[in-house]
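Hi everyone, thanks for letting me take this slot. I'd like to walk you through one protein model, starting with the whole chain and then stopping at a few residues.

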Amino acid sequence: MAEPWVGTWRPHRPRGPIAALYGSPGPKYGLPTNVGYHLHDPSRVRAPAYSFGIRGCQQTLPRSPGPAYLLPPGTTFRGPPGTPAFSIYSRPRDLLPPETPGPGRYCPERADRMAFPTAPAYALRSRTKMGSCQQTPGPAAYMLPTLLGARVVNKSSAPNYSIPGRSKIGAFYQDLSKTPGPCGYSTVATDVYKQRAPQFSMVARNALPGDNTAKPGPGTYNPEQSRRQGVTFGIRHSQYLAPLIVDVPD
């Protein structure tokens, strides 16, 4: 039995990518929760959370016997009954007297420089050990800038002149036969010192854009075999429609 004629359209490969051809994971990815305190969404406001904590380890504390111990009979809030008793302790040690200097311990004649104005006094001592380790440059190690000539750093210099040697160009003994002739100069393009004229160039012929795909010739078609049986809108189902999911797994 011959298949019904559905037109010239046939399913073909799309020219570009279509989103319906590719499967996506759907709503399988997980977003951070907005409930609770742990792993909360950082882009949302988080309310304060409180917890009751856990019971700490019970330490073994010393326990008193409480009011279960027995007191001697007759004990009041003032203490046990009976006459007051006293004890005699030994004599404490005497404190050492302060070692304060007497009047003969002072030497006021040595306090002239401290109590009265005196002239400055100096003393000479030997060189210390650190003096041999210091590599301090002497007076001859410094180079002062010169005060003559035009290269003075902080002084204004007078004008100076120099006498150069005799030049061989333009002198009376110059050999004029060594000068370049008319052919020694290169010709300068006229576009340099005049208005530049328009320039044109010839390029290769450009190929016109065309369709290079293979196309059927007149002998490929068989009009006598085509039979018009009806008009349809193409295939019944499209491959880009999403399937209907009825049973959703838990």
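I'll go from the overall picture to some local details.

First, please keep in mind that this is a predicted model. So what does the chain contain in the way of helices and strands? There are two helices and zero strands. The protein chain has 250 residues, and 2% of them count as buried. If you add up the surface, the chain exposes about 28,400 Å², with carbon and sulfur atoms supplying 59% of that area. And on contacts: take the ones between residues at least 6 apart in sequence, and 27% of those join residues at least 24 apart.

Okay, let's zoom in on the segment before helix 1. That's where you find His-40, and Asp-41 is in that segment too. Is His-40 buried or exposed? His-40 counts as buried because its relative accessible area is 12%, and the cut-off for buried is under 20%. What does His-40 touch, once we skip residues up to four places away in sequence? The list is Thr-33, Asn-34, Val-35, Val-45 and Arg-46. With Asn-34 there's a detail to look at: its backbone oxygen sits 3.2 Å from a polar atom of the His-40 side chain.

Now step along to Asp-41. Asp-41 is buried as well, because its relative accessibility is 13%. Leaving aside neighbours within four places in sequence, Asp-41 is in contact with Pro-32, Thr-33 and Asn-34. Thr-33 and Asn-34 may ring a bell, since they were among the residues touched by His-40. The side chain of Asp-41 also makes a polar contact of 3.0 Å with the side chain of Ser-43.

Asp-41 has another partner. Side chains of opposite charge can pair when their charged atoms come close. Here, the side chains of Arg-44 and Asp-41 meet in a salt bridge, with 4.0 Å from N to O. How many salt bridges does the count come to? The count comes to one. Look at the two ends of that pair: Asp-41 is buried at 13%, whereas Arg-44 is exposed, with a relative accessible area of 53%.

Let's go back a little, to Leu-39, which also lies in the segment before helix 1. Most residues other than glycine have a negative phi. Leu-39 has a positive one, near 55°. Leu-39 counts as exposed because its relative accessible area is 63%.

Staying before helix 1, there's Tyr-22. Tyr-22 is exposed too, with a relative accessible area of 57%. Which residues form a nonpolar patch on the surface with Tyr-22? They are Ile-18 and Leu-21, and the three residues together have about 300 Å² of accessible area.

Next, a jump to a loop. Leu-147 sits in the loop between helix 1, residues 112-115, and helix 2, residues 190-193. Why does Leu-147 count as exposed? Because its relative accessible area is 59%, and exposed means over 50%. Leu-147 does have some company, though: beyond its neighbours within four places in sequence, Leu-147 is in contact with Val-152 and Lys-155. You can also compare Leu-147 with Ser-157, ten residues apart along the chain: their C-alpha atoms are separated by 8.3 Å.

Last stop, the cysteines. A disulfide is a covalent bond between the sulfur atoms of two cysteines. How many disulfides does the count come to? It comes to zero. Two cysteines to look at are Cys-107 and Cys-183. Cys-107 is partly exposed, at 37% relative accessibility, while Cys-183 is exposed, with a relative accessible area of 79%.

If you take one picture away, make it the one around Asp-41: a buried residue with a salt bridge to Arg-44 and a polar contact to Ser-43. That's me done, so go ahead and turn the model around yourselves.

Conventions. Residues numbered from 1 in each chain as written. Predicted model: local features only at pLDDT ≥ 70, side-chain atom pairs only at ≥ 80, totals over all residues. Heavy atoms only, no water. Helix = DSSP H or I, 4+ residues; strand = E, 2+ residues; numbered from the N terminus. Buried < 20%, exposed > 50% of the residue type's maximum accessible area, 1.4 Å probe, protein only. Contact = heavy atoms within 4.5 Å. Patch = residues over 30% accessible without salt bridge, like charges linked within 9 Å, V, L, I, M, F, W, Y side chains within 5 Å. Areas by Shrake-Rupley, 256 points an atom, 1.4 Å probe, with all protein chains shown as cover. Polar contact = N/O pair within 3.5 Å; in protein donor to acceptor, adjacent residues only side chain to side chain. Disulfide = S-S within 2.5 Å.
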